[in-house]
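The following exercises concern salt bridges and nonpolar cores. Please study the sequence and the model before reading each solution.

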Amino acid sequence: MATANKDLIFSQYGYNISYNKIKKNTPIPFREHDKFHLIVDILSRKASHHAILSADFPAHLHVYFLTALGLHLNQDIIPHTLRGADLIYLDVKNLLLMKNNSKAVEQDFQSFSQTLDTCEKCTLLVLSDLRLLQTNQQGSELKLLPALDILLAHPKCRVMAFLDSQNEHISADVDPSFDYVRVEGPSAADITAILKMERAELENYHHVVIPEELPGYAYSLAERYLSTTHTLEKTLLLLDSSAARAAITERPDSNPPLKPVMTMLTLTQVLSGWTRIPAGHLQLHKFKYSDFIQGMQQNVFGQDAAIALLGHELQQSLARLQQHSGPFCSLLFAGSEHSGKHTAAVALANQLFRQPNVLYIAQPCASGLSSIMELKLQKYTDKTSLKLKDLVRQTPYAIVLYENIDAASPVTLDGLQEILGTGRFQDTNGQTYNFSQTIIILTTVLGTNLLNEIAKTFAPEPESNDMDLLQLVMREQKHETLTSHHYSPQEIADTVRCSIASYLPASLCQYLHVIPFLPLSDASIEQIMRLKLKELGKTLDIRYGVELGYAPEITRYLVNELQKKVSADNQPADIDAVLKQLYFAVEQAVLSQADNKNRPNQLFLQLNETGEIMRCDWLSTAPARQHAT
């Protein structure tokens, strides 16, 4: 009779976990949880026998945990005070929503207390969220609702309350009769069991078929792209939305009705809508090294060694065949200024995600930075800023670029060492941030002189127009001999690493994969010039409807101008600085004809008669040219 009364009182917002209704032969999550013995020790005491469960998992999984606890309480080794105890889970949030005021809640608790007087067994009352049964009294002091005091004092009642692990500080302000227990999240086996059970529920709810392998695949996708701390919760949301989308294709007119089958494509399409990453780039463990190399070489010129090593590191990270505890990738781009390090980071974002807005650039910080998590980063595309701690929560797969790491503060270097070594960072408040899916790129100019010397072994000999057959043969033999002594990409990286380790902390360098950037050759600079001209041509076409062309000798002229500037300033090649002259000429030509409705629609770049000055002319007919559009 007492049990029936309890069921009646909490029927609207409670859940009675009955031992007789548990399916003992099916996999039950949390069944072997190592904190059950501690919980039993607390609950079986004569006094101070209530518990706060600080959980590393969401409320959605509470019932799974309590079901496993219910099984544990029916074992022979359980103290007689708890053996076969009734277990009631109370959804406090729904309770407070359904009751107009705390007085009504208190009356329910009083009624429940009266039913306990006639119970032979102990009753465990579990609250879904301790915070919801607290009121602010006397300033900041936290108190449990008076209604709960009745049950705390009853000899036949044990009270447990869940508390999110991020709010552990609240436990210090609760009634001393509560003991604190830290409850770890589900194990890999628990997650598998939960996904299996949730899969069945989603199939019934959405009337679809979910293949057995899809929940595990969805979990990997959620961990990579949605959250590294709430992965299971995000997985269930992804599966739920994907099942709903798959149900759209249901065919009720067939006989018998055919249930739609959810596919990997459905999962990636839903996830693509959430992340804005094309579905084709959300395929896990799918990486074509040759395609990556080819794609990078279309945007990064003269850095074949760097691209090859970068592809190798990404391949290793995606395959996950080797033990790994740090971020997804930890890279050190080493080389002189303007050698392509920044461009390579942008190209990497485009290659992996087809969008550069996943790239965030660390901003120079004040010396008073208290933690690396307060470091400000700027999104590459729209220049919006946010802190590192917010970025890793919102976009766990982000690419973080920290330029000139050799000038970083000790606080930054210490924080990076922890992140690179463990893939995590714990702040002074005990909050943990997970970087396991983040790509971290550091850059440095250390090792530049050594890279300049290495580059000389790759430099081609100047060719003479007056070479007979014997000279050509001797030159080819000499070229083959030199080539056989060229550094491999990995040898370049290893050589530069030794040089850099003399300046950066060894504890930091051990976690970094060095990607060396050699000084740009003239041929590479010409390729970059052509790409810049092509981009300028597209901009002119879109904004003004103007077609841009240029004479073939223009790129060689720009390279020569760059070489003069490098020699005069004794600084690395800055292509953008040289192109300012070109941009100025084009801007002047366009703006001078802004009000002319009959202006030609073709601009042409060429040299004057002496070949010393570049000029920009409007054309009505097209000479031999290179098209920039």
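The model is predicted.

**Exercise 1.** Determine how E453 and K456 are placed relative to each other in helix α16, and state how accessible each of the two residues is.

*Solution.*
Step 1. Locate the pair: E453 and K456 both belong to helix α16, which covers residues 448-456.
Step 2. Consider the spacing: the two residues are 3 positions apart in this helix, so about one helical turn separates them.
Step 3. Examine the contact: E453 and K456 form a salt bridge, with their closest N and O atoms 3.2 Å apart.
Step 4. Assess accessibility: E453 has a relative accessible area of 46% and is partly exposed. K456, at 55%, is exposed, because exposed residues have over 50% relative accessible area.

**Exercise 2.** Identify which parts of the chain are tied together by the salt bridge between D86 and K121, and classify D86 as buried or exposed.

*Solution.*
Step 1. Find the contact: the side chains of D86 and K121 meet in a salt bridge, at 3.8 Å from N to O.
Step 2. Place both residues: D86 lies in strand β3 (residues 86-90), while K121 lies in the loop between α5 (102-116) and β4 (123-127). The pair therefore ties together parts that are 35 residues apart in sequence.
Step 3. Apply the cut-off: buried means under 20% relative accessible area. D86, at 15%, therefore counts as buried. K121 has a relative accessible area of 41% and is partly exposed.

**Exercise 3.** Describe the salt bridge between K389 and E374.

*Solution.*
Step 1. Note the distance: the side chains of K389 and E374 meet at 3.1 Å, N to O.
Step 2. Place the partners: K389 is in helix α14 (residues 388-394), and E374 is in the loop between β10 (359-362) and β11 (376-379), so the bridge ties together parts 15 residues apart in sequence.
Step 3. Compare with the accessibility classes: K389 is partly exposed at 21%, and E374 is partly exposed at 24%.

**Exercise 4.** Which residues touch the most other members of the largest nonpolar core?

*Solution.*
Step 1. Consider the core: it holds 134 residues, and F65, L66 and I439 touch the most other members.
Step 2. Trace its largest share: helix α13 (residues 341-353) contributes 8 residues.
Step 3. Follow one residue: beyond four places away in sequence, the residues that I439 touches include L314, F328, L348 and V400.

Key: Residues are numbered from 1 along each chain as its sequence is written. This is a predicted model: local features need pLDDT of at least 70, side-chain atom pairs count only at pLDDT 80 or more; totals for chains, interfaces and linings use all residues. Side-chain values use heavy atoms; hydrogens and water are left out. A salt bridge is a side-chain nitrogen of Lys or Arg within 4 Å of a carboxyl oxygen of Asp or Glu. Helices (H or I, at least four residues) and strands (E, at least two) are DSSP runs, numbered from the N terminus. Buried means under 20% relative accessible area, exposed over 50%, partly exposed in between (1.4 Å probe, protein chains only). A nonpolar core is a set of buried Ala, Val, Leu, Ile, Met, Phe, Trp, Tyr and Cys residues joined through side-chain atoms within 4.5 Å. Contact means heavy atoms within 4.5 Å.
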